[in-house]
Amino acid sequence: MFAVSKGETVALVDEVKDELAGIGDEAINIRKAEASALIRFGGGLRSLQKHLVVITQFSNAKVASWLHETIRTVYGHEAELVQTARNLPDGHSMTWYSVRVFHAGGALALQSGLLDRRRHPVKGLPDDVVQGNISQVKAAWRGAFMARGFLSEPGKPAFLEIICPSGEAADALIYMARRLGITVSKRKVMSSLRVTLRDPDVIERMLSLMGAVNTAREWSGKHSETDNHGKTNRLANFDDANMRRSAKAAVEASEKVTHAFHVLGDDIPENLRQAGQLRLDHREASLEELGRLADPPITKDAIAGRIRRLLQLCAKVEKQRAVGQIE
């Protein structure tokens, strides 16, 4: 079974699951599609002392209660609803809600599509659900998400993810998502297989299609606010970095101009001398500001070109002097 670790999101995803579990009574075939996905992704079929049983576990109480009631009212079987707490390695505790069917496990497995008509295990989801109408497809996605779905919190990269019990189950979700006009990806994280959505607009649409209209709107709003705030901070940091780089470059240029004046002495063309002197007089000014301070004013490219020629002249004279000393 899968537990929510310290790094996983809890609060907002529980809001989504509460809303999905609270959707009013639907047609029987839609409720069965949802229940089939809940059972498949929430645990599934097991053999206990040569007897077939259905055992599922969920992190959300309303989800477990929905399945418990549906097994009784739709399939006609009694089920146990048990609450357990487990300690996680990080010191936190996790509460699980388990729905178990012991005496009629085989019958429920046949009715929910965990077994086919020849009583062979179905590794994915039943064909009549995967190929069913669009309402059944939405219900199956809803059930899978309620069982093992995760959703990013505001301030973190957007994602909606469902942990899948098998490759066939993942492929079924991918195929049904395409029927809804949505493309999802499949990825493996350690020992778990997941289907994932990462585009915020697509995530909002999928949440709405599953029936979580209110929390979809809330999630999208919070995510947009956080994203815009993050962009503003990134732009501010970018501007600060540019200012620091410009200031550093200006200081370095001033040091080079000082050296050039020392090397060249009076043997400097007047336009280059004026450009160099502007740099020394206004050490932290930008090239554009230096250009405006020139008399007459010139462009930043012109002032940069004159300072560059001044430094090139200095380098040329130093090289000539070095060659003369060697000779």
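Accessible areas in this account come from the Shrake-Rupley method with a 1.4 Å probe. By that reckoning the chain, which is shown here as a predicted model, exposes about 17900 Å², and carbon and sulfur atoms supply 51% of that area. Of the 327 residues of the chain, 43% count as buried, and the secondary structure comes to twelve helices and eight strands. If one takes the contacts with a separation of 6 or more, residues 24 or more positions apart account for 65% of them.

The interior is a good place to continue. In soluble globular proteins, nonpolar side chains tend to be buried together. In this model the largest nonpolar core has 65 residues, and those that touch the most other members are Phe-41, Leu-67, Trp-141, Phe-145, Leu-151, Leu-160 and Leu-173. Helix α6, which covers residues 134–148, gives the most to this core, with eight residues. Phe-41 shows how such a residue is surrounded: leaving aside its neighbours within four places in sequence, Phe-41 is in contact with Leu-125, Ala-144, Ala-147, Arg-148, Ile-162, Ile-163, Cys-164, Pro-165, Ala-169 and Leu-173. A second, separate core has 19 residues, among them Ile-298, Ile-303, Ile-307 and Cys-314.

Two of the cysteines just named can be compared with the cut-off for burial. Buried means under 20% relative accessible area, and because Cys-164 has a relative accessibility of 4%, it counts as buried; Cys-314 is likewise buried, with a relative accessible area of 4%. A search of the whole structure finds zero disulfides.

Helix α8, residues 200–210, lets the reader follow burial along a single element. Its buried residues are Ile-203, Met-206, Leu-207 and Met-210, and seen down the axis of α8 they fall within an arc of 100 degrees, so they line one face of the helix. An α-helix has 3.6 residues a turn, so residues three or four places apart point the same way. At the N-terminal end of α8, Asp-199 acts as a cap, with a side-chain oxygen 3.0 Å from the backbone nitrogen of Asp-201. After α8 comes Gly-211, whose phi is positive, near 115 degrees.

Further along the chain, Leu-287 belongs to helix α11, which covers residues 287–293. Leu-287 counts as partly exposed because its relative accessibility is 34%. Although Leu-287 and Asp-301 are 14 residues apart in sequence, their C-alpha atoms are 7.8 Å apart in space. Setting aside neighbours within four places in sequence, Leu-287 is in contact with Arg-279, Lys-300, Ile-303 and Ala-304, and Ile-303 is also one of the residues of the second core. In the loop between α11 and α12 (300–326) lies Pro-296, which is joined to Asp-295 by a cis peptide bond with omega of about -5 degrees.

Two other loops hold residues with a positive phi that are not glycines. Arg-119, in the loop between α4 (105–112) and α5 (127–130), has a phi near 65 degrees, and with a relative accessible area of 47% this arginine is partly exposed. Met-190 lies in the loop between β7 (185–189) and β8 (192–197), and its phi is positive at about 55 degrees. Met-190 counts as exposed because its relative accessibility is 78%.

Notes. Residues are numbered from 1 along each chain as its sequence is written. This is a predicted model: local features need pLDDT of at least 70, side-chain atom pairs count only at pLDDT 80 or more; totals for chains, interfaces and linings use all residues. Side-chain values use heavy atoms; hydrogens and water are left out. A nonpolar core is a set of buried Ala, Val, Leu, Ile, Met, Phe, Trp, Tyr and Cys residues joined through side-chain atoms within 4.5 Å. Buried means under 20% relative accessible area, exposed over 50%, partly exposed in between (1.4 Å probe, protein chains only). Helices (H or I, at least four residues) and strands (E, at least two) are DSSP runs, numbered from the N terminus. Contact means heavy atoms within 4.5 Å. A disulfide is a pair of cysteine sulfur atoms within 2.5 Å. The arc is that of the directions from the helix axis to the C-beta atoms. A polar contact is a pair of N or O atoms within 3.5 Å; within protein, one must be able to donate a hydrogen and the other to accept it, and residues adjacent in sequence count only if both atoms are side-chain atoms.
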